[in-house]
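Q: I'd like a close look at a single part of this model, please. Could you take me through it slowly, with the cut-offs explained as you go?

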Amino acid sequence: MSGQLTQDDVAHFAALLDAREASDRAQAERLTVDIAEVTAAARDIPADDEHDPEGSTATLERAREVALLVSTEKALANIAAARERLQAGTYGRCTSCGNPIPRERLEIRPEAPYCVSCAAKHSS
Ligand SMILES: [Zn+2]
């Protein structure tokens, strides 16, 4: 893909972004519920029992889910930004260097804001 997106491309990537957003939103909701449950369960563990194996498992599990929730919310923000670029006609170009993002990359990560080399620099 070099240059302008066709109307078909715009519709195609809009559909990919919609699907991506739906699954990320479902995941964020599930994680939010899980984190609330783990937090509530942790409250039942006596505070002076720090070495309780169940307690540390719950803490680890919560930390893992919180980290996943943060990255899911970041993905949702990237999806919203990608949709704006799609409407603005700048979709498919790296937001950092302006070079085209390979189509194969967009098929896998339709919300990707950077080309491969800029993504490595920004480590996202
Ligand atoms: Zn770039």
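Where is the place of leucine 5? Please start there and follow the contacts onward.

A: Happy to. First, a word on what you are looking at: this is a predicted model, in which local features need pLDDT of at least 70 and side-chain atom pairs count only at pLDDT 80 or more, while totals for chains, interfaces and linings use all residues. Residues are numbered from 1 along each chain as its sequence is written, and side-chain values use heavy atoms, with hydrogens and water left out.

Leucine 5 sits in the segment before α1. Helices here are DSSP runs of H or I with at least four residues, strands are runs of E with at least two, and both are numbered from the N terminus. The protein chain has four helices and zero strands, so its elements read α-α-α-α from the N terminus on.

Now look at what leucine 5 meets. Leaving aside residues up to four places away in sequence, leucine 5 touches Val10, Phe13, Leu86 and Tyr91; a contact means heavy atoms within 4.5 Å. Two C-alpha separations are worth checking on your screen. Leucine 5 and tyrosine 91 are 86 residues apart along the chain, with their C-alpha atoms separated by 8.1 Å. For leucine 5 and threonine 90, 85 residues apart along the chain, the separation is 9.0 Å. Threonine 90 lies in the loop between α2 and α3 and is partly exposed, with a relative accessible area of 39%. On this scale, buried means under 20% relative accessible area, exposed means over 50%, and partly exposed is in between (1.4 Å probe, protein chains only).

Two of the residues that leucine 5 touches, Phe13 and Tyr91, bring us to the aromatic rings. The structure holds one aromatic pair. Its members are phenylalanine 13 and tyrosine 91, whose ring centres are 5.2 Å apart and whose planes meet at 45°, so the pair is tilted. The rule is that rings of Phe, Tyr and Trp (its six-membered ring) pair if their centres lie within 6.5 Å; planes under 30 degrees apart count as stacked, over 60 as edge-to-face, and the rest as tilted. Phenylalanine 13 belongs to helix α1 (residues 7–43) and tyrosine 91 to the loop between α2 (53–88) and α3, so the pair ties together parts that are 78 residues apart in sequence. Phenylalanine 13 is buried at a relative accessible area of 0%, and tyrosine 91 counts as buried at 4%.

From tyrosine 91 the trail leads into the core. Of the 18 residues in the largest nonpolar core, Tyr91 and Cys94 touch the most other members, and the elements giving two or more residues to this core are α1, α2 and α4. A nonpolar core is a set of buried Ala, Val, Leu, Ile, Met, Phe, Trp, Tyr and Cys residues joined through side-chain atoms within 4.5 Å.

Cysteine 94 itself counts as buried, at 4% relative accessibility. Again not counting residues up to four places away in sequence, cysteine 94 touches Asn99, Ile101, Pro113, Tyr114, Cys115 and Cys118. Among those neighbours, cysteine 115 counts as buried at 6%. With cysteines in contact you may wonder about bonds: a disulfide is a pair of cysteine sulfur atoms within 2.5 Å, and by this rule the count comes to zero disulfides.

Another neighbour of cysteine 94, isoleucine 101, is placed in the loop between α2 and α3. Isoleucine 101 is buried, with a relative accessible area of 1%, and its C-alpha atom is 7.0 Å from that of tyrosine 114, 13 residues apart in sequence. Alanine 112, in the loop between α3 (103–108) and α4 (116–122), touches Arg85, Ile101, Arg105 and Leu106, not counting residues up to four places away in sequence. Alanine 112 counts as buried, at 2% relative accessibility.

Finally, the record. An unreviewed UniProt entry lists residues 94–118 as "zinc finger region: dksA C4-type"; such positions are given in the numbering used here, feature names are shortened, and annotations may be inferred rather than shown by experiment. In the model, residues 94–118 are 36% helix and 0% strand, with the end C-alpha atoms 8 Å apart.
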